[in-house]
Amino acid sequence: MKKRILTCLMAVSLLVSLLAVPVGAASVTKFSDVSDSYTATAIETLRLMGVLDGYGDGTFRPDTVLNRAQFCKMAVYAMDGSGELGRYSTVTIFPDVKPSHWASAYINMASRKGIISGFADGKFKPGQTVTAGQAVTILMRGLGYKDEDMGGVWPQSYMAEAQTNGLLKSTGITSAYAGVTRAQAAKLFLNLFEAKHGKGEALFSYKVGEEVYLTAVDGGKGTMTAGGKSYTMAHPVASTSLIGSKGKAVLNSTGEILTFLPITGSNGVSNAAVIIGANGSVAGLDSLAGSTSYNIYKNGSPATAADLKRYDVATYASATNSIIVSDTRVSVYYEDCKPSPSSPATITVLGGKELNVLPTAVDSLSKLKPGKQIVLLLTADGQVAGAEDANNTGARGNAMAVVSEKGDVQLVCGGALLNIGTASEYAGQVVSVYADKSGLKLNKISGGVGGDLLPKEGTLGGRKLADNVMLFDGGRQIALSELSQTGVNSGRVSYARTNWAGQVDLIVLNNGLAEDVIYGRAVVNSSTSKVWVWDPGHENDKEQQEGVNGSYKETTSQTISIETANKTYGPINSGNHISNGTFVAVSIKTSSQGNLMFTSFATMSKLSNVSSGAWIGKTAVNFGSRTYEVPSNVQCYNDDTGKWMTLDDAKAYGGTMNLYVYDGVVRIVEVKA
């Protein structure tokens, strides 16, 4: 049988790209509470721009109503204005929006750009619900519409014009006075791309290209490939469910790609699957693709027929003429199915997780009944392509997952992720996955490839990184470009996996500290008491009363707590003399009685008055002729408010910025006005 090869022209553009989420993988990356495809498309398009995102629990919360501050932040990102925020962080335009407010820079910028205004009393009221009339007015002004040209009565005049120019298309907004939900906002911002402009200057101005296919995303290099052309991403992301979609590239004024605007329903993924019957076999792939020439991707990386193994699962993506191969197999207890065991459309496994069953898997599943231990063969987007009895098959489960900081268990499925449950005790770790009658079972995995990670060279311990390498820092998926290009010490690499080609395709980083070390802010409470002390020689003089042959002396005791962004450890009694508010790295352990103990304290080195120009993106800082790594989960503390904040908000806050370093890595960022 003729050997299948990669189509040459497509290989050139795709060989160096990240196919982290294969064509049609929206079922993996879409939010669990979003079922409407138009809303899902709007969310993903805007996620690429940094306008919005979901929550750590895998939900989007589409019905949550936004407030005025939140909508302002979205508008600033939609105008690609996040790079200007620094100049607006220290001014006060509205009396109820001080520089210490988390959204002050966004609100001030939107005000200076002329798209928002306050109330009659001069206040902005950032926490008040944003109404549809207010939201539409903000966006219409950004499209170049002027108040004096509207006529009529506000907000009806703006609402009427928005209905005409396409801004309200498919939003479901009918009342100008109702609060705007997150789902409605996503659709409003999506409509900006094609809404008609007014006569004035448009802040929401984009260059929308011709219809092409989005074929690749390289999270490491921060590039997207569409229509055979590679673009630099304005906001690099690690993956996108829009790969394979037909649509239009949206560029900013500097030629960077802001996002991709897909045509709804353009993905074209086959609903059929082929299970590879023998190593190197391509039987059935001709019929799947409808031709003898196609691209092959296995777990997101370019592959050949020789890389195919028995029990691999292949599906076809017509948009890129690609065979998408996954080798994910998971041993599970067959809990339930719908509508019936003889013709299941869905199957419930892994402690209550419902998976979609492809038509080509019905035959194998119909031979199995609920109550059995089975092995599922999964497609790259987490659908069931086949099943085998666990007792009589050579298809053993090989599933692994990365657990997020919040405990979400993310099954590595092909080149994508599938949330299958929670396990906070494994946060930030790699685990093997299986399930039996009692539920989901996880076992920690560590080790793998060792050595320093060098993003610039594209290696880990001398091994080449796969083009689609999946990178996690503390359980959160990040792009390779988010790391310091000077490298990551081997001590931070808790696990690294190689693929069939010997390339590193999965890396999990830890915070670089031992599991019994925390870093945070010391909170010290002292108390003073008086104790009677006998003069020497009179300690046993029981006939003397206190006040004779002795004296009262003051003793001071203190308790120390360690406050971090996520929790506070302590308080415990401690003899360590540390000033309140000192940023420290602390070794901790739990006694046999279950009591927390602080065994050592190390005061972190302080880099004072670090300028905004010292930052290299978000991943490193130059200071004193040295480059310091900044991990993606670095903690940020606002000394004015006494609250922890995100790095973006810390950099936008302005004023003085101090960095605290432990073991050569920035652990805490402190800001104050």
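**Entry 1: cysteine 337 and its sheet**

I looked up cysteine 337 in this predicted model and found isoleucine 347 of strand 13 standing opposite cysteine 337. I then followed the strands themselves: strand 12 and strand 13 (residues 346–349) run antiparallel and are joined by three bridges. The wider context is an open sheet of three strands, ordered 12-13-14, in which the pairing is antiparallel. I noted that strand 12 (336–338) and strand 14 (353–356) each have a single partner strand and stand at the edges, so one side of each lacks a neighbour in the sheet. From one strand to the next, I recorded an average twist of 25°.

**Entry 2: the five-stranded sheet**

I turned next to an open sheet of five strands, and I read its order as 6-9-10-7-8, with mixed pairing. Which strands stand at the edges here? I found strand 6 (274–275) and strand 8 (301–302) in those places; each has a single partner strand, so one side of each is left without a neighbour in the sheet. I also checked strand 7 (residues 295–298) against strand 10 (residues 322–326): the two run parallel, and four bridges join them. For lysine 298, I identified valine 325 in strand 10 as the bridge partner.

**Entry 3: phenylalanine 193**

I located phenylalanine 193 in the loop that lies between helix 9 (182–191) and strand 1 (207–218). Is this residue, phenylalanine 193, buried or exposed? I recorded a relative accessible area of 9% for phenylalanine 193; the cut-off for buried is under 20%, so phenylalanine 193 counts as buried. I then listed its contacts, setting aside neighbours within four places in sequence: phenylalanine 193 touches Thr45, Leu46, Met49, Tyr206, Val208, Val250, Thr259 and Leu261. I also compared phenylalanine 193 with lysine 207: they are 14 residues apart in sequence, and their C-alpha atoms are 8.9 Å apart in space.

**Entry 4: helix 6 and helix 8**

I examined how helix 6 (residues 132–142) meets helix 8 (residues 156–165): their axes come within 9 Å and cross at roughly 60°. Because of that angle, I entered helix 6 as oblique to helix 8. I noted the crossing of the two helices as left-handed. On the helix 6 side of the contact I listed Ala132, Gly133, Val136, Thr137, Met140 and Arg141, and on the helix 8 side Tyr158, Met159, Glu161, Ala162 and Asn165. I sorted the residues of this contact into six nonpolar, three polar and two charged.

Note on methods
Residues are numbered from 1 along each chain as its sequence is written. This is a predicted model: local features need pLDDT of at least 70, side-chain atom pairs count only at pLDDT 80 or more; totals for chains, interfaces and linings use all residues. Side-chain values use heavy atoms; hydrogens and water are left out. Two strands pair if DSSP finds at least two bridges between them. Axes are lines fitted to C-alpha atoms, for helices over the stretch in contact, and angles run from 0 to 180 degrees between N-to-C directions. Buried means under 20% relative accessible area, exposed over 50%, partly exposed in between (1.4 Å probe, protein chains only). Contact means heavy atoms within 4.5 Å. Angles under 35 degrees count as roughly parallel, over 145 as roughly antiparallel, 65 to 115 as roughly perpendicular and the rest as oblique. A crossing is left-handed if the near helix is turned anticlockwise from the far one by less than a right angle, and right-handed if clockwise. Ala, Val, Leu, Ile, Met, Phe, Trp, Tyr, Cys and Pro count as nonpolar, Asp, Glu, Lys and Arg as charged, and the others, Gly among them, as polar.
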